[in-house]
Amino acid sequence: MSSKGMLRRDNPNGGMLLRRENSNGMLKRENSSRALYCCAVSETVTDREDDDSYLGSCDDDELTVARLMFALDAREHEELTLECDSIYGAALLMPQLARSAFWPKFLSIAAARALLLHWMNILMQFWLLQVIAKEDAVYDAFGGAMYLCNFAEGVRGPSGSLIESPARLFTNFNQWNTRMYIKQSLLALFPERKKWIEEKVDPGEYGLESHSCRFICCILFIMSTIKELYLILTMARLLWHVPTRGESWLEASDGEDADSSMAADLRIPPDVMKWLNMVRVRVAGMPLCWKLFGALFVLIPKVLIWRLTLQTGITYLMDTAGSTDLIINAVALGFILSIDELICEVLLSRETKILLAKCEGFPLGGAAFEHAEDDEIYEKFLQNKGCKAWTLRDLLLLFPFRIALTLVVTALFVAEYYCRFCTWTEEDGFISRPVYEPKDSSFNFMNTILPNFFPVEEKAEPFWRMPDPPKHADGG
């Protein structure tokens, strides 16, 4: 008999019961719905009609699947954890550990270092994003660049002529701008030969190489930032759900639940690991002042960096004309949001990494999960079996939520780009709005984070405006 016990059928009164005899000789009556289901399955196989081992296997398999489904679907048994591979997690954890230990010198220094690296990360991420935003809003305007919008093959380009074929399409603005400069110089030097120059000198047009490539790259870029959005939501929920009181984040432990993988990953010697296993690090209550500190100086900067990355990145990608440049830029822009992980990996001390790895999350509603019985679990499993158990909500879940979220966020930021920089015309679709030269090269903090409310100061007259449609049919 196996350690799990043996199943047998008894039929004293003509009924059908299943009993499990465990290794201690105890009899336990199984849930009748599970017994009837397993018996029905076994009786469909004629050559195994009286095979008790087959019936027991059926019962164990069904219960195993039921337990698996319950564990995967137990949304109430959720644990809010800190980011163990990010400087944001260290900025929340280390001050609380120092507070819980009454500010010893070692933990106080570690907390100060974590906060210093946190602010270094914020400044580096913001500075990089400001450089990209300034190039798009200031230096491109000084260079004479208009917004790309939907300039492409099949519509008129920035100089007003129709882009009839790829031979007249240039995805490098500087190259096209140089060709335009040469043509305008010839017209200024030889005004009497204007007709001949217009016929013989064709600078081409500036435009987008592929609409589909730009759209896919925007989706992939947003997809690379969705993880950061979920981390932001987890941090916000953690700050909200942990008790608003000064609880200790350090507890004594018997060391039975030690994590051996942490010792291997961080190369911790066994004798040191023995002492570490005697201490439990966990997320617990925080005083109100520390909650406000975490929200103002950790969570809100993280949200602003994420929002600014998406806004600046989508604008940069939408104004990139070449397909190769689109792919490279989509990958490069996602790197900005990973700087916090790079700082954690390279600059954070080994001791802080150990504490981050040991920190346990804050459980939400785990009591109901822990006290669930097999009968209850199996009954719920049977209720959700078969096609009749499917609902409209289940059909909607066939389409992954994160894909829908990615598409919605992409659509919102692309729509913002068109609203800010493009105008709609019946003849050419979305074209660039008139572009004005900035008064100077200044670009401050408010210009970066709220460009709609604090735009760059511009001159009164635009240096570029979309030419009127030609009156003759060929558009030459």
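A disulfide is a pair of cysteine sulfur atoms within 2.5 Å. In this predicted model, a search of the whole structure finds one such bond. It joins cysteine 149 to cysteine 422, with an S to S distance of 2.0 Å. Cysteine 149 also has an unusual backbone entry below, as does phenylalanine 102.

**The disulfide**
- The torsion about the S-S bond of cysteine 149 and cysteine 422 is about -100 degrees, so the disulfide is left-handed.
- The bond links distant parts of the chain, 273 residues apart.
- Cysteine 149 sits in the loop between H4 and S5, while cysteine 422 is in strand S10 (residues 422-425).
- Cysteine 149 is buried, at 0% relative accessible area.
- Cysteine 422 is buried too, at 9% relative accessibility.

**Other cysteines**
- Cysteine 359 has cysteine 84 as its closest cysteine by sulfur position.
- The two sulfurs are 9.3 Å apart, so they are too far for a bond; the cut-off is 2.5 Å.
- Cysteine 359 counts as buried, with 17% relative accessibility.
- Cysteine 289 counts as exposed, with 54% relative accessibility.

**Positive phi outside glycine**
- Cysteine 149 is not a glycine, yet its phi is positive, at about 50 degrees.
- Its loop runs between H4 and strand S5 (169-170).
- Phenylalanine 102 is not a glycine either, and its phi is positive, at about 65 degrees.
- Phenylalanine 102 lies in the loop between helix H3 (87-100) and helix H4 (105-142).
- Phenylalanine 102 counts as exposed, at 73% relative accessibility, whereas cysteine 149 is buried.

Notes. Residues are numbered from 1 along each chain as its sequence is written. This is a predicted model: local features need pLDDT of at least 70, side-chain atom pairs count only at pLDDT 80 or more; totals for chains, interfaces and linings use all residues. Side-chain values use heavy atoms; hydrogens and water are left out. Helices (H or I, at least four residues) and strands (E, at least two) are DSSP runs, numbered from the N terminus. Buried means under 20% relative accessible area, exposed over 50%, partly exposed in between (1.4 Å probe, protein chains only).
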